[in-house]
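Here's a walk through one chain, going from a single residue out to the sheets and the overall numbers. Keep the structure open and follow along.

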Amino acid sequence: MASQDWVEKDFYAILGVSKDASDAEIKKAYRKLARTYHPDTNPGDAVSEQKFKDISEANTVLSDPEQRQQYDAIRAMGSGARFTSGGPGGPGGGAGFEDVFSNLFGGGAGGGRGGFGGGGQVPPEFADLFGGGGGFGGGFQQPPRKGADRTATTSISFGGSIKGTTVNLRTRSGEVIEVRIPAGIKDGQTVRVRGKGQQGPAGAGDLLVKVSVKPHKFFAREENNIRIHVPVTFAEAALGGNIEVPTMTGDTVKLKVPAGSNSGRTLRLKGRGVQTSKATGDLLVTLDVVVPQNLTGAAKDAVEAFAEATADADPRASLAEQAAL
C-alpha cells in the first residue's frame with residue numbers, strides 16, 4: 001500500500017472509531033462491518049465489495065501497533081503539507097512522498113507490511129466470520145490449516161478408569177496409536193491425542209477418543225464419589241458396632257456403625273473416592289440390614305422376646321397421617 005494512501009484515507013472514520021480507540025474497539029468495529037459488507041453476503045454488489053476492501057485495509061493497518069504508529073505519524077505530517085510522487089529527479093528536485101517516509105521509518109517505499117492494496121489476507125482471527133471462504137477476485141487467501149480431526153471409541157474396565165491405563169488403537173493403515181487414559185476419567189469423556197488426525201498443509205489434526213467405562217459389580221461411581229452397599233446384621237444396626245469395608249485400593253478400612261441405624265443409611269469415608277488432578281471424592285457406604293432367613297430355636301426365642309419387649313413401639317403409627325390427601 002502506497003504511503004500516499006495513508007494521507008488520503010481516514011481509516012478511523014472508515015471503521016467508525018475514534019483516533020484513540022483501543023485494539024478491542026477496532027477489532028469489534030471491523031467484525032461488525034465485515035459481516036455486513038462481505039462479498040459472500042452481498043454477491044455481485046460492487047459497492048459492498050469496495051466497502052469491504054476499505055474496511056479490511058483499515059483494519060490491517062490499525063490492528064498492527066507498528067503500522068498504526070506509522071500511519072498516525074504520516075497523517076499528522078501529511079495533514080499540513082503537500083507531497084509529490086517524484087523522486088530526486090522529479091519536478092522541483094525535491095524528495096518524493098515515498099522517500100521521505102521510508103527514511104523516517106527505516107523501511108522501503110511502499111508503506112506498511114502486508115497492506116490490503118497488495119492483495120493481503122483476511123486476518124486469521126476473523127476467518128470464522130466467512131466460513132473459511134477465499135473472498136473475491138483472488139484478493140484473499142485462506143491461511144493454511146491443520147488436517148481434520150479423527151474420532152474413535154474404546155472401552156476400558158472400571159479399575160482402568162480409576163487408576164488410569166493405556167490402550168492401543170489400530171488405524172485402517174495398520175498404524176498402532178498409543179492412547180493414555182488419565183486416572184479418574186468418567187464414562188463418556190473424550191481423550192485428545194495431539195497430531196494423530198488427518199494430515200493437512202499446516203500439520204496433522206488430532207485424534208479424539210471417546211471412552212466407555214464398564215460398570216463394576218460392587219463399586220458405583222457418582223461424580224467423584226464411590227458408593228458401595230454393605231450388609232449389616234440386625235444386631236449391628238440396632239446396637240451399633242465396628243465393621244470393615246473394602247476400598248478401591250484393595251485394602252479394608254474400619255467403619256463405626258452408629259446404634260439405631262436403619263437400612264439405607266449412608267455413612268461417609270472422606271478421601272476414599274475417585275482421585276483426579278483437580279479433586280478427590282469420598283466413599284459412600286450404604287447400610288443394608290439383613291434379615292436372617294433361617295433361625296435356630298434359640299435365635300427365634302430371642303427375637304420373640306425382643307418383639308414382646310418392644311410391643312409398645314409402632315413404626316407405622318404416623319402412616320395414616322402421612323398418607324392423607
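Threonine 286 touches Arg227, Ile228, His229, Val230, Gly264, Arg265 and Thr266, once you leave aside its neighbours within four places in sequence. Keep in mind that this is a predicted model. Threonine 286 belongs to strand E11, which covers residues 283–290. Is threonine 286 buried or exposed? Its relative accessible area is 5%, and because the cut-off for buried is under 20%, threonine 286 counts as buried. Its side chain isn't without a polar partner, though: the side chain of arginine 227 makes a polar contact with it at 2.8 Å.

Now for the sheet around that spot. E11 is part of an open sheet of 4 strands, ordered E6-E7-E11-E10, and the pairing is mixed. At the edges you'll find strand E6 (220–222) and strand E10 (266–269), each of which pairs on one side only. On average, neighbouring strands in this sheet are turned by 35 degrees against each other, if you ignore direction. E6 runs antiparallel to strand E7 (residues 225–233), and the two pair over 3 bridges. If you want to find that pairing on screen, look for glutamate 222, whose bridge partner in E7 is asparagine 225.

There's another open sheet to look at, this one with 3 strands in the order E1-E5-E4, again with mixed pairing. E1 and E4 stand at the edges with a single partner strand each, so one side of each has no neighbour in the sheet. Here the average turn between neighbouring strands is 25 degrees, direction ignored.

What does the pairing in this sheet look like from E5? Strand E1 (residues 150–156) pairs with E5 in the parallel sense over 7 bridges. Strand E4 (residues 190–193), by contrast, runs antiparallel to E5 and is joined to it by 4 bridges. The table lists some of the residues that stand opposite each other.

| Residue | Opposite residue in E5 |
|---|---|
| isoleucine 156 | valine 213 |
| threonine 190 | lysine 210 |
| arginine 192 | leucine 208 |

E5 itself spans residues 207–213, and its two faces are not alike: Leu207, Val209, Val211 and Val213 make up the covered face, while Leu208, Lys210 and Ser212 sit on the uncovered one. That every-other-residue pattern fits the general rule: in a regular strand, side chains alternate between the two faces of the sheet.

Next, a helix. H4 takes in residues 46–62, so to speak a run of 17 residues, and reaches 24 Å from its first C-alpha to its last, close to the 24 Å expected at 1.5 Å a residue. Just at its start, a side-chain oxygen of aspartate 45 comes to within 3.1 Å of the backbone nitrogen of valine 47. Which residues of H4 are buried? They are Ser48, Phe52, Asp54, Ile55, Ser56, Glu57, Ala58, Asn59, Thr60, Val61 and Leu62.

Finally, the chain as a whole. Its secondary structure comes to 10 helices and 11 strands. Of the 325 residues in the chain, 33% are buried. The accessible surface comes to about 19900 Å², and carbon and sulfur atoms account for 51% of that. As for contacts with a separation of 6 or more, 53% are between residues 24 or more positions apart.

Methods: Residues are numbered from 1 along each chain as its sequence is written. This is a predicted model: local features need pLDDT of at least 70, side-chain atom pairs count only at pLDDT 80 or more; totals for chains, interfaces and linings use all residues. Side-chain values use heavy atoms; hydrogens and water are left out. Buried means under 20% relative accessible area, exposed over 50%, partly exposed in between (1.4 Å probe, protein chains only). Two strands pair if DSSP finds at least two bridges between them. Contact means heavy atoms within 4.5 Å. Accessible areas come from the Shrake-Rupley method with a 1.4 Å probe; for residues, only the protein chains shown count as cover. Axes are lines fitted to C-alpha atoms, for helices over the stretch in contact, and angles run from 0 to 180 degrees between N-to-C directions. The expected span of a helix is 1.5 Å times one less than its number of residues. A polar contact is a pair of N or O atoms within 3.5 Å; within protein, one must be able to donate a hydrogen and the other to accept it, and residues adjacent in sequence count only if both atoms are side-chain atoms.
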